[in-house]
Amino acid sequence: MTTVVLRPPTAALFDSWLQSWDEWGTADQDGAGVFFAQKFGWDLRSPQGFARWVQLLNEMGMPGAVPPEGFAPQSALWLERGGEYLGAVSLCHTLMNDFLSEVGGHIGYGIRPGARGQGLTKLALAGALDRARELGLHRVLVTCNDSNIASAKTIEACGGELERIVPREEIAESFGAVEDLRRYWIRL
């Protein structure tokens with residue numbers, strides 16, 4: 001079996017990423033940072049739009065990078081096995097706004113539906129934690145919906161300490177939450 005690698009985004013995975021889009025049933029794949037392409041009106045189904053998006057994702061993770069206005073600097077990593085895009089993880093370098101500090105956290109991740117159940121989320125989260133250490137962060141906030149037991153177990157397996165479960169009512173109006181949210185801190 002081919003080894004799974006955690007790597008910077010690459011335009012070489014265009015066809016596989018599109019297959020993942022079809023599996024998700026939406027362009028908005030957790031942890032992938034698709035909102036950047038949407039902000040600039042880039043069509044991710046075109047090779048040119050996809051390549052511009054990948055370039056931006058890679059540039060934002062570089063030291064001293066200036067992200068688009070209103071966004072935190074962040075590092076993106078993709079999971080790949082034998083040329084197949086399996087998922088993504090994104091590490092925000094700072095909790096620069098209310099959304100990140102209350103709901104989003106430092107790290108977001110998502111595994112394409114056809115690749116779930118293989119321990120890939122733990123690999124993605126561990127890679128993001130390594131990157132956070134490289135950046136000198138001392139602890140990171142990771143959140144998940146209360147009903148997402150698999151994600152909660154992954155966060156806990158990577159050292160997550162539950163701060164609290166936030167009732168949906170506290171975050172629904174401000175952030176559009178549809179269910180209770182688990183907030184974890186991981187010390188680095």
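**Aromatic pairs, cores and helix α1**

In this predicted model, 14 aromatic pairs are counted among the rings of the chain. One of them joins W17 and F50, whose ring centres are 5.5 Å apart with the planes at 50°, so this pair is classed as tilted. The pair ties together distant parts of the chain, since W17 belongs to helix α1 (residues 14-24) and F50 to helix α3 (residues 47-60), with the two positions 33 residues apart in sequence numbering. The points below take up the aromatic residues, the nonpolar cores, helix α1 and the overall fold in turn.

**Aromatic residues and charges over rings**

- Both members of the tilted pair, W17 and F50, are buried, and both belong to one aromatic cluster that also takes in F14, W21, W53, W78 and Y85.
- A pair of aromatic rings is described by two quantities, the distance of the centres and the angle of the planes.
- W21, a member of that cluster, has R45 lying over its face at 4.2 Å from the ring centre.
- W24 has a charge over its ring as well, the charged end of R116 being placed 4.9 Å from the ring centre.

**Nonpolar cores**

- The largest nonpolar core holds 24 residues, and those with the most contacts inside it are I107, L125, V140, V142 and I155.
- At least two residues of this core come from each of β2 (74-81), β3 (84-92), β4 (107-111), α5 (120-134), β5 (139-145), α6 (149-157) and β7 (181-187), and α5 gives the most, with six residues.
- V140, one of the residues with the most contacts inside this core, is in contact with H106, I107, L129, A132, Y184, W185, I186 and L188, once its neighbours within four places in sequence are left aside.
- Another core lies apart from the largest one and has 22 residues, among them L18, F50, W53 and L57; of these, F50 and W53 also appear in the aromatic cluster.

**Helix α1 and its surroundings**

- The buried residues in α1 are F14, S16, W17, L18, S20, W21 and W24, and the buried residues of this helix pack against α2 (34-40), α3, β2, β3 and β4.
- An α-helix has 3.6 residues a turn, so residues three or four places apart point the same way.
- S16, which is placed in helix α1, has a relative accessibility of 8% and therefore counts as buried.
- Not counting residues up to four places away in sequence, S16 touches G83, E84, Y85 and R112, and Y85 among these is a member of the aromatic cluster.
- Just after α1, G25 takes a positive phi of about 80°.

**Overall fold**

- The protein chain has seven helices and seven strands, and from the N terminus on its elements run β-α-α-α-β-β-α-β-α-β-α-β-α-β.
- The radius of gyration of the protein chain is 16 Å, close to the 16 Å that the globule rule gives for 188 residues, so the chain is as compact as a globular protein of that length.
- Taken along the principal axes, the C-alpha atoms of the protein chain fill a box of roughly 40 × 40 × 35 Å.
- Of the 188 residues of the protein chain, 48% count as buried, while the accessible surface comes to about 9400 Å², with 49% of that surface belonging to carbon and sulfur atoms.
- Among contacts between residues at least 6 apart in sequence, 63% join residues at least 24 apart.

Note on methods: Residues numbered from 1 in each chain as written. Predicted model: local features only at pLDDT ≥ 70, side-chain atom pairs only at ≥ 80, totals over all residues. Heavy atoms only, no water. Phe/Tyr/Trp six-rings, centres within 6.5 Å; stacked < 30°, edge-to-face > 60°. Helix = DSSP H or I, 4+ residues; strand = E, 2+ residues; numbered from the N terminus. Buried < 20%, exposed > 50% of the residue type's maximum accessible area, 1.4 Å probe, protein only. Lys NZ or Arg CZ within 6 Å of the ring centre and 35° of its normal. Core = buried A, V, L, I, M, F, W, Y, C linked by side-chain atoms within 4.5 Å. Contact = heavy atoms within 4.5 Å. Rg over C-alpha atoms; globule rule 2.2 N^0.38 Å. Areas by Shrake-Rupley, 256 points an atom, 1.4 Å probe, with all protein chains shown as cover.
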